[in-house]
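User: I'm new to this, and I'd like to go through some labels and see where they come from. Can you take me through them?

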Amino acid sequence: FDSPRSSRPTSSRSFNSTSTSEVRATMAPAAKEFYEDQKNLNKLCNFLRSADGPAVREAIMMDKRVYYIKGEKLVNFMVEPKKGTKWPKELPRFSSRPDAIAVCKELCNIQYIHRSEKVAKGELEVARVRDFDESAYFTWIYEGDMTNKNLMTTALIIGFLCCTCFPIWPNFLKVFVWYMSVSLLIFIFFLVTLRALVFLFVWIIGYELWLLPNLFDESLGFCESFVPVISCEKTKDGQLMYRVGVFVAFFSFCYWAVTQPSEFDGFVKGQGDFIKDLYAGTLLSDMSQKDKENIDKPKMPSLEDLLKKLDSADEEEEKELSEEEAAEALLDSLVEVEEDSYD
């Protein structure tokens, strides 16, 4: 009975090894033939240059910012991607390192990547040797799918042109933009106030709780600024006195608001009037409503303005004539005085 039991695992292991080798043998030619097509190779490069691809570093080469990676890390990622990587279903996986190296050599030949050498910290230069080597550094020349970048550039140019043409916009669009701007400003103000109040209430208890803690982190992208939604940590030691002081100050303010309702109600009413004036556009108004409505119309002088100018011109001429007559009268009087003296 011992001999059959000992032979069974051996047969199963031999079957598994042969089946694995057969799968690899069938997968390798398929992947090799698949990536010989230029379109499929572009799809692979798009995946490698995406956020799910291997980590790259930034450097300066020929006064331009470039992204580079070591050949060994690129091959390792192609053969065994990092955990959590979603490999595209339409792209076959690499079964061995020689297959991945062959594709990397092809990338060098078609100049999707080129070999580089480190000159200083954060600076690269083009290497004289062009062959692929796992120990060398390679800079990405292939920029990936440019559709999104071109669309964003087009949208930026159109938006810039629209902003420069703001004076000729129709009035309803100007009002819409004004309401949107005011609403966004009020939303940001209340969001910041809410974050501060929530932090204050929880900080008094002994914890630091932030809503959207990365909201104002300039080093993160737009989507990353909203992750995580909440963060909560215990406060550091030595802040008990500060928390007690803030607690006393806050509840003193609440007591004042309750015991002095007239003043607090006036404060609330003033805030409401402030928001109404902000939406109405009369908060910082330094011109009449008529001038604001006709701000885009060409300023042409009316008939009344022209008549007023003519009247003012006539008055100035009369003043000049009266001054000349007074001077002549003065001279005549002087002459008469002299003649009388001679007589």
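Analyst: Sure, let's start with Glu134, which counts as partly exposed at 23% relative accessibility. Two notes before we go on: this is a predicted model, where local features need pLDDT of at least 70, side-chain atom pairs count only at pLDDT 80 or more, and totals for chains, interfaces and linings use all residues. Residues are numbered from 1 along each chain as its sequence is written, and side-chain values use heavy atoms, with hydrogens and water left out.

User: Why is Glu134 called partly exposed?

Analyst: Buried means under 20% relative accessible area, exposed means over 50%, and partly exposed is in between (1.4 Å probe, protein chains only). Glu134 has 23%, so partly exposed it is.

User: What makes Arg97 and Glu134 a salt bridge?

Analyst: The rule asks for a side-chain nitrogen of Lys or Arg within 4 Å of a carboxyl oxygen of Asp or Glu. Here the N to O distance is 2.5 Å, so the pair qualifies.

User: And why does Arg115 with Asp133 count as a salt bridge?

Analyst: Their closest N and O atoms are 3.9 Å apart, which is within 4 Å, so this pair counts too.

User: Is Arg115 buried or exposed?

Analyst: Buried, because its relative accessibility is 17%, and the cut-off is under 20%. Its partner Asp133 comes out as partly exposed, at 32%.

User: How do you know that Arg65 is exposed?

Analyst: Arg65 has 55% relative accessibility, which is over 50%, so the label fits. Arg65 also forms a salt bridge with Glu58, with the closest N and O atoms 2.9 Å apart.
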